[in-house]
Amino acid sequence: MQLLHWTVPSLVVGTMISTFLIHPQPMLVKGLFGPIAFLAGLLTLITLDRKGGRIGLPAKARVPLVLVSLIGGMITGWVAIGEGEIIAAFCMLAYGLNANRPSHWAWYCSR
């Protein structure tokens with residue numbers, strides 16, 4: 001639940017900003033969809049077999065996690081992908097969070 005507390009509010013704010021305040025041209029959104037989908041897929045593949053040693057995030061991860069979540073929310077508002085993939089990849093790549101053990105992700109959700 002700790003992870004959700006730090007990501008959900010900024011994801012919602014980012015999505016609201018990109019939906020109601022920042023309206024890029026449709027051709028720009030269409031042009032961004034392919035690269036963002038490719039990047040999300042690539043990050044998923046990179047982190048697929050990553051064996052991180054941590055089962056929790058350090059306290060110093062909170063601010064970067066909020067910023068990444070805000071950006072992920074904005075991307076989601078524009079191209080409808082990005083929330084979970086970007087946050088999960090960031091946690092695994094930047095902080096070595098172990099996603100290979102489902103019990104740890106369930107632990108986050110049960111707190």
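**Helices and a surface patch**

User: How much accessible area do Leu4, Val8, Val12, Met16, Phe20, Leu21 and Ile22 have together as a nonpolar patch on the surface?
Analyst: This is a predicted model, in which local features need pLDDT of at least 70 and side-chain atom pairs count only at pLDDT 80 or more, while totals for chains, interfaces and linings use all residues. Residues are numbered from 1 along each chain as its sequence is written, and side-chain values use heavy atoms, with hydrogens and water left out. Patch members have over 30% relative accessible area and no salt bridge (Lys or Arg side-chain nitrogen within 4 Å of an Asp or Glu carboxyl oxygen), with nonpolar side chains joined within 5 Å and like charges within 9 Å. By the Shrake-Rupley method with a 1.4 Å probe, these residues together have about 650 Å².

User: Is threonine 7 buried or exposed?
Analyst: Threonine 7 lies in helix α1, residues 2–21 (a DSSP run of H or I, at least four residues). Buried means under 20% relative accessible area, exposed over 50%, and partly exposed in between. Because its relative accessible area is 4%, threonine 7 is buried.

User: Which residues does threonine 7 touch, not counting residues up to four places away in sequence?
Analyst: Contact means heavy atoms within 4.5 Å. With that cut-off, the residues touched by threonine 7 are Leu65, Ser69 and Ile87.

User: How is valine 8 classed, with a relative accessible area of 38%?
Analyst: Valine 8 also has its place in helix α1. Since its relative accessible area is 38%, valine 8 is partly exposed.

Note on methods. Helices (H or I, at least four residues) and strands (E, at least two) are DSSP runs, numbered from the N terminus. Buried means under 20% relative accessible area, exposed over 50%, partly exposed in between (1.4 Å probe, protein chains only).
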